[in-house]
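Dear colleague,

I am handing over the structure we spoke about, and below it you will find notes on its salt bridges. Please read them with the coordinates open beside you.

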Amino acid sequence: MVSALAKNYSRRKISFKKGKGSFLYANNGKKYLDFVQGIAVNSLGHSNPNLIKAVSQQSKKLWHISNAFIIPEGERLAKRLTKKTFADYVIFQNSGTEATEVAIKVARRYFYSIGQPKKNRVLCIKNSFHGRTLAAIFASGSKKMIEGFGPKVQGFDHFEFGNIKSLKKSITKKTAAIMVETVMGEGGIKVISKKFLKEIEKICKKKKILLIFDEIQCGIGRSGKFFAYEYSNVKPDIVPIAKGIGGGFPIGAVLMNKKVASGMIPGSHGSTFGGNPLAMSVGNAVLDQIFKRGFLKNVQKISKYFHSELKKIWKDYPNIIKEVRGLGLLIGLQLHQDQSRFIKKLMENNLLTIKAGENVVRILPPLTVKKKEVDLAIKIIKKVCKIYKV
Ligand SMILES: *Cc1c(COP(=O)(O)O)cnc(C)c1O
């Protein structure tokens, strides 16, 4: 059958009829351990009973209402997010890239509102990932993503990952914000060190620049803390989130402090779907579980075990694996060579993983993953290493 879908994805030739927890059941009859989880989206696994309940209950009451009216479910979700984090205010969206767009808008609007409209440039890491809208691809500066999509969206500068000199050199009087992923997901699960985060914060304070942490992939418990930046003592001004907060339902949001929120006056931004009752009910149900006592501790515990088991495999197969990377359940297995064949072999052995930059096999279990499921993944990875020809 010829697909009527445009060819902007290279899809694997497989589809699924249902999912349960860490597993997916394919239409080919096979059962897969799903350590992609919609790319860190299904934070609580497939078919989570609490999420099913939230969707079905809310769907019988009210799906959508305009932001021209008060939405109690959104009020509640925003209040809970601000209570747990640095933030004072939240704007809801529907996806990650919209959240980064709004983060940029909030930063610019703040300086505009205090009479410094020329302070409007955003400094990002070269080849980072902030989504696929026009602004977001030019924020990333990746040649591959911007190819054919000119003219260039102005207002972005870039520095080299981990290079403080390059960062300092790229700052001008016009720099309004520095925006980084606390852990670079698409770029290859590259963790920004605590020391570097501290250094960025110091520079931001000194030069009156806003700090934006894109926690769309590494946030909402994936790192073992609610936000990955919490491992450092650094406080951001703006944090876009998405992926994990909806547990599979499309939700994006921007968290911000009081200072920057002051620029977002009525009419300055809007979204038709953003924050509708159905989405907000699911978001609340996700937080019910993630905020449960011991939930994040357990993510830390199981990820520590996973990392140590992967390191053992790396010791046994240093000719295949170059490095084990990541934070919490955002895990990268960096290979010496292109990882596509390795990922295919894992899939042939019923384990689903996904690519990231720098030859990384990205491993993203649900935050509810069980030890025996990690053991199964380890067994499969070992088996593939054993038969893999470099
Ligand atoms: C996935 C991702 C985005 C984009 O999210 P979409 O929902 O695909 O628009 C932005 N930033 C980071 C760090 C991401 O991982």
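Arg 325 is buried, its relative accessible area being 13%, and this is the residue with which I would like to begin, bearing in mind throughout that the model is a predicted one. Its side chain forms a salt bridge with Glu 323, where the closest N and O atoms lie 2.8 Å apart; Glu 323, for its part, counts as partly exposed at 34% relative accessibility.

In total, the structure holds 13 salt bridges. One of them joins the side chains of Arg 76 and Asp 288, at 3.9 Å from N to O. This pair links distant parts of the chain, since Arg 76 belongs to helix H3 (residues 72-84) and Asp 288 to helix H10 (residues 277-290), with the two positions 212 residues apart in the numbering. Arg 76 is partly exposed, with a relative accessible area of 45%, and Asp 288 is likewise partly exposed, with a value of 38%.

A further salt bridge is found within helix H12 (residues 340-348), where Lys 345 and Glu 348 are 3 residues apart and thus separated by about one helical turn; the closest N and O atoms of this pair are 3.5 Å apart. Lys 345 counts as partly exposed at 26% relative accessibility, and Glu 348 counts as partly exposed at 42%.

Finally, to return to the residues mentioned at the start, salt bridges that share partners join Glu 323 and Arg 325 with Lys 190 and Glu 358 into one network.

With best wishes

Technical notes
Residues numbered from 1 in each chain as written. Predicted model: local features only at pLDDT ≥ 70, side-chain atom pairs only at ≥ 80, totals over all residues. Heavy atoms only, no water. Salt bridge = Lys/Arg side-chain N within 4 Å of Asp/Glu carboxyl O. Helix = DSSP H or I, 4+ residues; strand = E, 2+ residues; numbered from the N terminus. Buried < 20%, exposed > 50% of the residue type's maximum accessible area, 1.4 Å probe, protein only.
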